Amino acid sequence: MTLLEVRNLNVTYAGGAAAVRGVDLSLAAGQKLGIAGESGCGKSTLALALLRLLPTGTRIGGEILLDGEDILTMRWGRVRAVRWAGASIVFQGAMHSLNAVHRVGDQIAEPILLHRKATAAAARRRAGELLEQVGLPAARASAYPHELSGGQRQRVMIAMALACDPLLIIADEPTTALDVMIQAQILRLIEQLVTDQNLSLVMISHDLAVLADTCDRLAVMYAGRVIEQGPARQVYEDALHPYARALSAAFPRIGDPASRFAPRGLAGDPPDPSALPAGCAFHPRCAVALDVCGSEDQALRDAGRERRAACVHVDRSPRAGGG
């Protein structure tokens, strides 16, 4: 069953910056979808659009169907209910999301009080259970955010996201501010909770290796568009789009001396969303661009079983017609 379906989503900020352009995505119940790309490619804008969390003045077009309901046409009262009970989000900076003057247990209990109509005692008890579920003692409910480490605060954010038993968790770079060891713990925790509770997950990151290890499917974004999607491990190890290949190659591989001592990066930056180049937005940075790439944009096209890529070279690849 399809839980989330995004159809032709377009997001334009006040001032004319087209941050998301014609994105189509789908997510089955219990599935894990990774969204990758450099900063400025539209990943976080897409995540915020899924729950209508974008600033006033932003123009949004298309459809976002969550369990069959279009979030973009819901009344605000229904949107507020869906944000906790239907889908919830884990932001990348816990200290920016938690209230510094309230105990973390009260912050976890708040959505339970509002959306589950629980008593104060039941909400506090549930907050303690959620803390234990994410690997913290229930007694830490009395702590203030500044009394917790970065990893502990991120666990609190995950507990808050689980508070009202949502169907979907959106994790927007949930480990960016953490050290490598804590990152691994948080990623394992998210993966375990999603699997154990049969939740769906949208995880956003610039790190394809993390997404390949965590997710079932992977979508790579560039300049507001999805330029490749398919099974996560296949996209990471054998990307078809030149940008996806460059993104994957930018990270050294354990056990591969060549990538360790000579990691391949990508010169330049993604284009300004308010001044996109003609044709394929990636062509000014692409080492294999053809003349047609500077004049004609490339739509996603079939590139093998369950794979799609928006590149003129896909038509020339033997994989494009294979299974």
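Leu9 touches Val20, Arg21, Gly22, Val23, Leu46, Ala49, Ile60, Gly61, Gly62, Ile64 and Leu72, leaving aside residues up to four places away in sequence. In this predicted model, Leu9 is among the residues with the most contacts inside the largest nonpolar core, which has 91 residues. An open sheet of eight strands and 14 salt bridges are the other main topics here.

**Nonpolar cores**

- Besides Leu9, the residues with the most contacts inside the 91-residue core are Leu4, Leu25, Val156, Ile158, Leu168 and Met203.
- Helix α6 gives the most to this core, contributing seven residues.
- Another core lies apart from it and has five residues, among them Leu240, Ala303, Ala309 and Val314.
- Nonpolar side chains tend to be buried together in soluble globular proteins.

**The sheet and its edges**

- The strand order of the open sheet is β6-β7-β8-β3-β9-β10-β12-β11, and the pairing is mixed.
- Its edge strands are β6 (87-90) and β11 (301-302), each of which pairs on one side only.
- β6 runs parallel to strand β7 (residues 168-172), and four bridges join the two.
- Within this pairing, Val90 has Ala171 of β7 as its bridge partner.
- Helix α6 (residues 150-162) lies across β6 and β7 and runs at about 175° to β6.
- Helix α10 (residues 242-249) also packs on the sheet, where it touches β3, β9 (217-222) and β10 (225-231).
- The direction of α10 makes about 105° with that of β9.

**Strand β3**

- Five of the five residues of β3 are buried, so this strand is largely enclosed by the rest of the structure.
- One side of β3 carries Lys32, Gly34 and Ala36, the other carries Leu33 and Ile35, and both faces are covered.
- With strand β8 (residues 200-205), β3 pairs in the parallel sense over five bridges; here Lys32 stands opposite Leu201.
- With β9, β3 again pairs in the parallel sense, over four bridges; here Leu33 stands opposite Arg217.

**A salt bridge from β3 to helix α7**

- The side chains of Lys32 and Glu191 form a salt bridge, with an N to O distance of 3.9 Å.
- Lys32 belongs to strand β3 (residues 32-36) and Glu191 to helix α7 (residues 180-196), so the pair ties together parts that are 159 residues apart in sequence.
- Is Lys32 buried or exposed? Lys32 is buried, its relative accessible area being 10%.
- Glu191 counts as partly exposed, at 27% relative accessibility.

**Other salt bridges**

- Arg233 and Glu237 meet through their side chains in a salt bridge of 3.3 Å, N to O.
- Both residues lie in helix α9 (residues 232-237), where Arg233 and Glu237 are four residues apart, about one turn of the helix.
- An α-helix has 3.6 residues a turn, so residues three or four places apart point the same way.
- Arg233 is partly exposed, with a relative accessible area of 34%, whereas Glu237 counts as exposed at 52%.
- A further salt bridge joins the side chains of Arg308 and Asp302 (3.9 Å, N to O).
- Of this pair, Arg308 is partly exposed at 34% relative accessible area, and Asp302 is exposed at 57%.
- Glu5, Arg7 and Glu63 are joined into one network by salt bridges that share partners.

**Helix α4**

- Which residues of helix α4 (residues 104-115) are buried? They are Val104, Gly105, Gln107, Ile108, Ala109, Pro111 and Ile112.
- The buried residues of α4 pack against three helices by name: α2 (76-85), α5 (120-133) and α6.
- Helix α6 thus recurs in several places: α6 lies across β6 and β7, gives the most to the 91-residue core, and packs with buried residues of α4.
- Lys117, just after α4, takes a positive phi of about 55°.

Terms used. Residues numbered from 1 in each chain as written. Predicted model: local features only at pLDDT ≥ 70, side-chain atom pairs only at ≥ 80, totals over all residues. Heavy atoms only, no water. Salt bridge = Lys/Arg side-chain N within 4 Å of Asp/Glu carboxyl O. Buried < 20%, exposed > 50% of the residue type's maximum accessible area, 1.4 Å probe, protein only. Pairing = 2+ DSSP bridges. Contact = heavy atoms within 4.5 Å. Axes fitted to C-alpha atoms, helices over the stretch in contact; angles between N-to-C directions. Core = buried A, V, L, I, M, F, W, Y, C linked by side-chain atoms within 4.5 Å.
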